[in-house]
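User: I am new to this structure and would like a close look at a single part of it, with enough of the surroundings to see where that part sits. Please take your time and keep the answer connected.

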Amino acid sequence: MIRQPGLEAAVVNSRLIIIALVAVATMSAAPVLISATTANEVTIGFTRLAIATLVFTPMVLWQGRLWRLAPRQWRQLVVIGLVFAVHWLSYFASIKLSTPSIAALTITTYGVQYMLLAWFFNGERVAAVEWIAIACCFAGCLVVSPALSFDNATSKGIAVGLFSALLYAVLPLLHQRAEGVRTADRTWGQFFFALLFFLPLWPLSSWELQTADVYQLLTLALLCTVISHGLWVKSSTELPAIYSSMIYYLYLPLSMLESVLFLGESLTPQKILGAALVVGSSLALSLYRFRRAQLGKGES
């Protein structure tokens, strides 16, 4: 049998797809666990960041590359840590204010917000059909809001969640600027400096926890942070970008399903419609931009 040139390179490794699916499945448990625990946002942040830092620090120290970083690269890691700290804190607050499903819905808009940032700062072209998809995505957030007012906790949670998604969209841009720093070192810097920025918030943390809270925090730190992050970094690095983005958008329906099963959250028509608008428009944008990029390569 004669193999066609490039055929093997075009075949996606099924093992990587499975790894990516497991990563997203473990990530999707985070909103439910954050909502379920009585620990507040600051306590959750300290626990996840401290354990992640403890796990990643020996790895990067053993590799011995941190000491070779230039002052500019250290400053880049500090900025990444700051943005990540505020992103996490605002996302936890969004979950506590609204529901796991609604918070997951708002964070899923990060892909659209990333494109808006690229348009605003990098001058990337946005076609008319893409603006329609962007409008549909944000319309999904309006659909699940009980009122266009900050008089209720859910609307506040949506606003905070959209801000958190904006910061989440900023992170890839910051990581791109720090591409001279190895991925493992950037990952460590993200957690370590975020932990340092959490230190002034220590008086706001509360450690009067029940046994269930301890288990939930440990699961958040180990399963939803260390393991899921490690699996996602591997799969998203080695898989084609279009596959990673398609798989990531499973985060929202999985979070909604888990919230219904484990927390008894009601799945209203508004939530289903909102999720469909956010995920559908985000997927359409990813496919459209991928197709446009492929056509551009063909023409060149």
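Leaving aside its neighbours within four places in sequence, which residues is Thr53 in contact with?

Analyst: The model is a predicted one, and what follows should be read with that in mind. Once the neighbours within four places in sequence are set aside, Thr53 is in contact with Trp188, Phe191, Phe192 and Leu195. Thr53 itself has its place in helix 4, which covers residues 41-63, while helix 10 covers residues 183-198, and the contacts of Thr53 with Trp188, Phe191, Phe192 and Leu195 therefore link helix 4 to helix 10. Thr53 has a relative accessible area of 8%, and because buried means under 20%, Thr53 counts as buried. A distance along the backbone adds to this picture: Thr53 and Gly189 are 136 residues apart along the chain, yet their C-alpha atoms are separated by 8.7 Å.

It helps to look at helix 10 from another of its residues. Gln190 is found in this helix, and with a relative accessible area of 6% Gln190 is buried too, since the limit for that word is under 20%. Beyond the residues up to four places away in sequence, Gln190 touches Ile80, Gly81, Phe84, Leu171 and His175. With one of these, His175, the contact is also polar, as the side chains of Gln190 and His175 are joined at 2.9 Å. Thr183 also has its place in helix 10, but the relative accessibility of Thr183 is 38%, and Thr183 therefore counts as partly exposed, between the 20% and 50% limits. From Thr183 to Val233 there are 50 residues in sequence, and the C-alpha atoms of the two are 8.7 Å apart in space.

To place this part within the whole, consider the chain at large. The chain contains 14 helices and zero strands, and, read along the sequence, its pattern is α-α-α-α-α-α-α-α-α-α-α-α-α-α. The radius of gyration is 20 Å, close to the 19 Å that the globule rule gives for 300 residues, so the chain is as compact as a globular protein of that length. Taken along the principal axes, the C-alpha atoms fill a box of roughly 65 × 55 × 40 Å. Of the 300 residues, 46% count as buried, and Thr53 and Gln190 are among the buried residues. When contacts between residues at least 6 apart in sequence are considered, 85% of them join residues at least 24 apart, and the pairing of Thr53 with Trp188 is one example of a contact in the chain. The chain exposes about 15200 Å², of which carbon and sulfur atoms supply 68%. As for charge, there are 19 positive and 13 negative side chains, and the centres of the two sets lie 9 Å apart.

A second group of residues can be set beside the part around Thr53. Ser101 lies in helix 6, residues 100-107, and the C-alpha atoms of Ser101 and Trp188, a residue that Thr53 contacts, are 29 Å apart in space, with their positions 87 residues apart in sequence. Ser101 is buried, with a relative accessible area of 3%. Apart from neighbours within four places in sequence, Ser101 is in contact with Leu252, Ser255, Met256, Ser259 and Glu265, and the side chain of Ser101 makes a polar contact of 3.2 Å with the side chain of Glu265.

Glu265 also has a polar contact with Lys271, side chain to side chain, at 2.7 Å. Lys271 is found in helix 14, residues 269-299, and it is buried, with a relative accessible area of 10%. Among the residues that Lys271 touches, not counting those up to four places away in sequence, are Thr99, Ile102, Leu105, Val144, Met256, Glu265 and Ser266. Met256, in turn, has its place in helix 13, residues 251-263, and is buried at a relative accessible area of 7%. Beyond neighbours within four places in sequence, Met256 is in contact with Ser101, Leu267, Lys271 and Ala275, and from Met256 to Leu61 the C-alpha distance is 39 Å, the two being 195 residues apart in sequence.

Definitions and conventions
Residues numbered from 1 in each chain as written. Predicted model: local features only at pLDDT ≥ 70, side-chain atom pairs only at ≥ 80, totals over all residues. Heavy atoms only, no water. Helix = DSSP H or I, 4+ residues; strand = E, 2+ residues; numbered from the N terminus. Rg over C-alpha atoms; globule rule 2.2 N^0.38 Å. Buried < 20%, exposed > 50% of the residue type's maximum accessible area, 1.4 Å probe, protein only. Contact = heavy atoms within 4.5 Å. Areas by Shrake-Rupley, 256 points an atom, 1.4 Å probe, with all protein chains shown as cover. Lys, Arg positive; Asp, Glu negative; His and termini not counted. Charge placed at Lys NZ, Arg CZ, Asp CG, Glu CD. Polar contact = N/O pair within 3.5 Å; in protein donor to acceptor, adjacent residues only side chain to side chain.
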